[in-house]
Amino acid sequence: MTGVQTCALPIYEMSIEKSQNILILQLEWIKTADAKVPPIFAINLAMLGVIVALIKVLPNWSIPQAVITALCLIPLSLSIMFLAFSMFPRLTGPKVSSIYFGGITKKQENTFVDEVINIKDEDYEKDVLSQAYRNAEIVEKKYKHIKNAFISTFISAPFWLISIYLLYI
């Protein structure tokens, strides 16, 4: 014997741990997506604030000012809309779950406690994997909305610069 001891876990325990890690990864992706929203939102609001401040002091409009400003405000507004879509929680989940907060709160406390204490490993693993899959769906939608917000902000930027120039002179 070499003195190295191995800890052999039963297969279901390794499988449950793997399933939990998959869920944890999905939850981390959600956090990462959510962390991208505030900076983009702040940039959008700053751009919008400058335009609104310049519009307020403008005595009259020319056609080029109006067109360029509209070409700036439309994608900027779309960006803010996409950011809002990415932040609204999707509360649909498995109706019968010992992990999903929506499923938990539909039960009486003592029922939930009893179910968790008595849950079979196989059922627990299926619940964890169902949550991982649902969270992956949520992450995919969040990243699509954030990508569209980035694109919309980038599209508005040149029009914003031209708009500032035209509104300021």
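A residue counts as buried when its relative accessible area is under 20%, as exposed when that value is over 50%, and as partly exposed in between. With this in hand, a tour of the predicted model can begin at Lys 107. This residue has a relative accessibility of 18% and is therefore buried. The side chain of Lys 107 meets that of Glu 115 in a salt bridge, with N and O 2.5 Å apart. The partner, Glu 115, has a relative accessibility of 32%, so Glu 115 is partly exposed.

The whole structure holds 6 salt bridges, and two further examples are found along helix H5. Glu 122 pairs with Lys 126 in one of them, where the closest N and O atoms lie 3.3 Å apart. Both residues belong to helix H5 and sit 4 residues apart, about one turn of the helix. Farther along, Lys 144 and Glu 140 join their side chains in a salt bridge with an N to O distance of 3.7 Å. Here too the spacing within helix H5 is 4 residues, or about one turn. Glu 140 is partly exposed because its relative accessibility is 47%.

Helix H5 spans residues 121-168 and also includes Gln 131. With a relative accessible area of 6%, Gln 131 is buried. Which residues does Gln 131 touch, not counting those up to four places away in sequence? The contacts are Leu 23, Pro 94, Ser 97, Ile 99 and Tyr 100. As for Phe 88, which is 43 residues from Gln 131 along the chain, the C-alpha atoms of the two are separated by 18 Å.

Technical notes: Residues are numbered from 1 along each chain as its sequence is written. This is a predicted model: local features need pLDDT of at least 70, side-chain atom pairs count only at pLDDT 80 or more; totals for chains, interfaces and linings use all residues. Side-chain values use heavy atoms; hydrogens and water are left out. Helices (H or I, at least four residues) and strands (E, at least two) are DSSP runs, numbered from the N terminus. Buried means under 20% relative accessible area, exposed over 50%, partly exposed in between (1.4 Å probe, protein chains only). Contact means heavy atoms within 4.5 Å. A salt bridge is a side-chain nitrogen of Lys or Arg within 4 Å of a carboxyl oxygen of Asp or Glu.
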